[in-house]
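Student: Could you walk me through this model, with the cut-offs spelled out as we go?

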Amino acid sequence: MDWNTWLAAVEPTLRAGHEAIVPKDLPHPSEVGFSRPFIAEPHGQKDDWVYSLGDGSRIHIHEFEHSLVAHIDPHDPAKGPGIAFLHWTTESASGRMFLVTTTLWVLLRFLK
Ligand SMILES: [Zn+2]
């Protein structure tokens with residue numbers, strides 16, 4: 001199997017917000033055009049690989065010690081700082097926490 005065949009097969013799963021384990025017989029992401037993201041939230045992975053898709057999303061792979069796990073980020077942070085902020089606040093735990101904390105702060109500050 002190659003990456004294109006595998007991605008075509010799992011894309012509906014990834015688009016639905018699920019993760020998929022990359023088959024071990026595929027070449028390493030670094031060998032097929034994936035690059036390291038500027039920043040990645042730690043989930044126990046030892047490395048991260050991303051590949052921008054044409055529609056503004058990206059494939060994101062967490063490289064663990066013995067496996068590669070892929071998901072799709074609907075907003076590719078490489079598309080610009082606004083998109084990076086959108087990605088961070090909607091697709092990461094720390095970003096969601098930031099939004100909740102900021103919203104609470106604003107409410108407490110101004111709704112007295
Ligand atoms: Zn991601």
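Student: How many bridges join β3 to β4?

Tutor: Residues are numbered from 1 along each chain as its sequence is written. This is a predicted model, where local features need pLDDT of at least 70, side-chain atom pairs count only at pLDDT 80 or more, and totals for chains, interfaces and linings use all residues. Strands are DSSP runs of E, at least two residues long, numbered from the N terminus, and two of them pair if DSSP finds at least two bridges between them. β3 and β4 run antiparallel, and the number of bridges joining them is 6.

Student: Which residue stands opposite Ile61 in β4?

Tutor: A hairpin with 4 residues links β3 to β4. Across this pair, the partner of Ile61 is Ala70.

Student: And on the β2 side, which residue in β3 stands opposite Asp47?

Tutor: β2 and β3 are antiparallel too, with 6 bridges. Their hairpin has 5 residues between the strands, and there Gly56 takes a positive phi near 90 degrees. Opposite Asp47 we find Glu63.

Student: How many of the 6 residues of β3 are buried?

Tutor: Buried means that 20 or more other C-beta atoms, placed from the backbone, lie within 10 Å of the residue's own (exposed: 12 or fewer; partly exposed: in between). β3 is mostly covered, and its buried count is 5.

Student: Which elements give two or more residues to the largest nonpolar core?

Tutor: Such a core is a set of buried Ala, Val, Leu, Ile, Met, Phe, Trp, Tyr and Cys residues joined through C-beta atoms within 7 Å. The largest one has 8 residues, among them Trp49, Ile61 and Ala70. The elements you want are β2 (47–52), β3 (58–63) and β4 (68–73).
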